Structures are given as structure tokens and as C-alpha cells.
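The paragraphs below lead through one protein model, from a pair of charged side chains to the interior and back out to the surface. Please keep the sequence and the structure in view while reading.

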Amino acid sequence: MNRITDNREKAPLVSICCLAYNHRDYIKDALEGFLKQKVTFPYEVLIYDDASTDGTAEIIKEYAEHYPDIIKPILQTENQYSKGITNPSGAFNFPRVKGTYVAMCEGDDYWTDENKLQMQVDYLQAHPRCTLCIHSARIVTVDGQGADRRMRPYRKDRRIAPEEIIDKSCGYPTASMVFPAKLIKELPSYYVECPVGDTPLQLMAAARGYGYYIDRDMSVYRVGGASSWTTQGKKGDYEAGQQKYCRDMKNTYKAFDRATGGRFHEAAKSAARRIWFLTKVNTRHYKVVLSRRYEEYYRELTGRTRFYIRLEAGFPHVYRLLAWIAGRMRR
């Protein structure tokens, strides 16, 4: 790491917020993605490690020693998530933000385009009413498979209405999100109480402006990590966990609806209903999933997902056989 830095004496224009926990195999990709950005402005990297046990913190510390004016870590010695702090960005990173804009990236994801940050900041600066800029991302599994898959909510560069940000059929890559720092100066209750960190940020952006989407893969969304939110959610009583998640998200949308005076009531109601539907998909309640009553949300699923749902629902023995064969082939 012998990179020369040249913009550290000025206040940062962008604060990159990154969360890490047991990301030893991935954190270098994230840090290198930040450091290789070609920009005309100074930026800082606010990285928070929640007491990793696999050596992640040591890697972060090494980078911070080489780039002390850029990389500013908090390295916990006791895990705070287990103590009930489930939104560490709001607790530990956002209060440290010095930039005019905030860029997000989890420690197991990474940026792949050296011009990403400049492109997004240029748009936000030229359009002060825009409160969220995102882009598409490639999806890869932890073993490097699935590189041909994409997280692509729209099919061309376009403006996103607030209602679309709230009620969308495809999620936004967290590592694509850049927004004005004014959004997080005062966090609403629905942010603090939400079980995930990116959804309430998007709701906050929708309440104060509009979004803009760049149809260009500029980051990687990594799935299947042992410490990822999705993987953690499948431990223990999965059915109960999905029910709790559904309740918590419903409460988030209700609180958002109250906070915005009902301006986005229908969008918030539909978004909560979609979450409920997706938990039924995840827990294989196919009688509900295949009901015509929920056809709108069913059509939003990928063709691959719909195929396997119908296969498992109609021919469970064939589905189990194919699943067994696929499992054997992955070994």
C-alpha cells in the first residue's frame, strides 16, 4: 500500500460509511474500492468494526495506519449488536460524518468503478432537490459464482419519484447509495427501530426529494456470507424470525406514514404488503403465494423463482430430488 494521497488537509466533501463484522476475506476489496476512486474532492472513510473475531479489525487497522487522514475506524472490543444496537451506522458512523454527502458500502461488498463517486456527486451537486443517487450492481456469491447476475431495479438512467423509492419491486444495492448528509443529521424513530439500515434511509430520502438511477454496474453485492444479515436471519427458528421481521417492517412503514402526514400512504401500505408476501415466499407458504389475490407481487418474482415455486408446490418429490442432486454437485 504505497498510494500517494493529496487532498487530506481540506474538509471532506463525502463521508463513506462502512460497517464490518467478520469480513476478513472481503474487507480489502471494500477498502481498495474506496481508495481507488478518481475524484476532484477530498473524502473520508468512516469504518466501524463490531468486534470481529476473524482478523478483520487488524486489516482495517493496517489500512488506517497507512491512510490516517482518510480511513477513520472504530474498532469495538465488545460486540454491540448483541447488546441491542442493531443500527450501528446511526449509532457510530453518522455522528462522525463531516462530508456534505454520504456514501454507503457494507464491508463484504465493494465498488468496482473508479469513477463511481465522482459521477454520483456531480449529479447531486447539479440537482439539489435529488436526495438519493443509486446505480446497478453485479451479484456474486461468496465463492465467486453468480457473476452474471445483476441487481438492476430499472432499465435505463432515470429519475425516481418518491413513491417509487418507497414502493419498489426490486431492492437498491446498499453500496450504490449516495445522499446528502442533511438526511441523517436527525434520525427519525422509524430509522432507529427498523431491523435493516438501508430501507429507512431510502424512506428518509423519499420524504425530502426524489431519486436518480444510473444504469451502470459500479459495485458488487456479495451474497451468502456467514455474517451477512440474510444468512444470520436463517439461523434458529426461521419461520418466527420472518414473522418478526414482517411485523417490524410493517411498523416501520406505519411510522413513516405518520411522520410524513400520510403523503405517501398508499405507497407505504403496498410496500409493507409486499414484505409480508415475500416472507410467505421465504417460508414456502405456496398456497398464499400462488393465490390470485397476490398476483401483482408474484409477477415481480424472477422467472427462475416462479419456476421453482411451481415445481415444489406441484411436484415436491421431483423438487427434492433435484435439490439433492444440486447439493451433491456443489460438494
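R24 has a relative accessibility of 43%, so this arginine counts as partly exposed. The model is a predicted one, and R24 is a convenient place to enter it. In this model R24 forms a salt bridge with D25, and the closest N and O atoms are 3.4 Å apart. D25 has a relative accessible area of 55% and is therefore exposed, since the cut-off for that class is over 50%.

The pair just described belongs to a longer list, as a search of the whole structure finds 14 salt bridges. Another one joins E78 to K83, with 3.2 Å between the closest N and O atoms. Here E78, at 48% relative accessibility, counts as partly exposed, whereas K83, at 51%, counts as exposed. The two values lie on either side of the cut-off, because exposed means over 50% relative accessible area.

A further salt bridge is made by D215 and R152, whose closest N and O atoms are 2.7 Å apart. This pair links distant parts of the chain, the two residues being 63 residues apart. D215 sits in the loop between β11 and β12, and R152 in the loop between β8 and β9. R152 counts as partly exposed, because its relative accessibility is 23%. Salt bridges also occur as a network, in which D167, R274 and E300 are linked.

The loops that hold D215 and R152 lead on to the strands. Four strands, in the order β5-β12-β7-β8, form an open sheet with mixed pairing. β5 (residues 110-111) and β8 stand at the edges of the sheet; each has a single partner strand, so one side of each is left without a neighbour there. β5 and β12 run antiparallel and are joined by 2 bridges. One residue to locate in β5 is Y110, whose bridge partner in β12 is V220.

Another strand pairing involves β6 and β11. β11 covers residues 210-214, and it pairs with β6 in the parallel sense over 5 bridges. Within this pairing, L132 stands opposite G211 of β11. How many residues of β6 are buried? The count is 6 of its 6 residues, and the strand is mostly covered. In a regular strand, side chains alternate between the two faces of the sheet.

From β6 the reader can move into the interior. The largest nonpolar core has 39 residues, and F94, V102, F179, L201 and Y253 are those with the most contacts inside it. Several elements each supply at least two residues of this core, including strands β4 (101-104) and β6 (130-135) and helices α7 (198-208), α9 (238-259) and α10 (265-282). Apart from this core lies another, of 37 residues, with I16, A30, L117 and C130 among them.

L201 shows what the contacts of a core residue look like. Not counting residues up to four places away in sequence, L201 touches F94, M104, M177, F179, I184 and Y191. Two of these partners, F94 and F179, are themselves listed with the most contacts inside the largest core.

A second residue worth following is I166, found in helix α5. Its relative accessibility is 2%, so I166 counts as buried. With its neighbours within four places in sequence left aside, I166 is in contact with L203, A206, Y253, F256, F264, A267, A268 and A271. The chain separation can also be set against the distance in space: I166 and K269 are 103 residues apart in sequence, while their C-alpha atoms are 9.6 Å apart.

K250 gives another such pair. This lysine lies in helix α9, and it counts as partly exposed because its relative accessibility is 44%. K250 and Y67 are 183 residues apart in sequence, and the C-alpha to C-alpha distance between them is 42 Å.

The walk ends at the surface, in helix α14, which covers residues 316-330 and contains W324. Is W324 buried or exposed? At 53% relative accessibility W324 counts as exposed. W324 also belongs to a nonpolar surface patch of about 750 Å², made together with F315, V318, L321, L322, I325 and M329.

How values were computed
Residues numbered from 1 in each chain as written. Predicted model: local features only at pLDDT ≥ 70, side-chain atom pairs only at ≥ 80, totals over all residues. Heavy atoms only, no water. Patch = residues over 30% accessible without salt bridge, like charges linked within 9 Å, V, L, I, M, F, W, Y side chains within 5 Å. Areas by Shrake-Rupley, 256 points an atom, 1.4 Å probe, with all protein chains shown as cover. Salt bridge = Lys/Arg side-chain N within 4 Å of Asp/Glu carboxyl O. Buried < 20%, exposed > 50% of the residue type's maximum accessible area, 1.4 Å probe, protein only. Core = buried A, V, L, I, M, F, W, Y, C linked by side-chain atoms within 4.5 Å. Contact = heavy atoms within 4.5 Å. Pairing = 2+ DSSP bridges.
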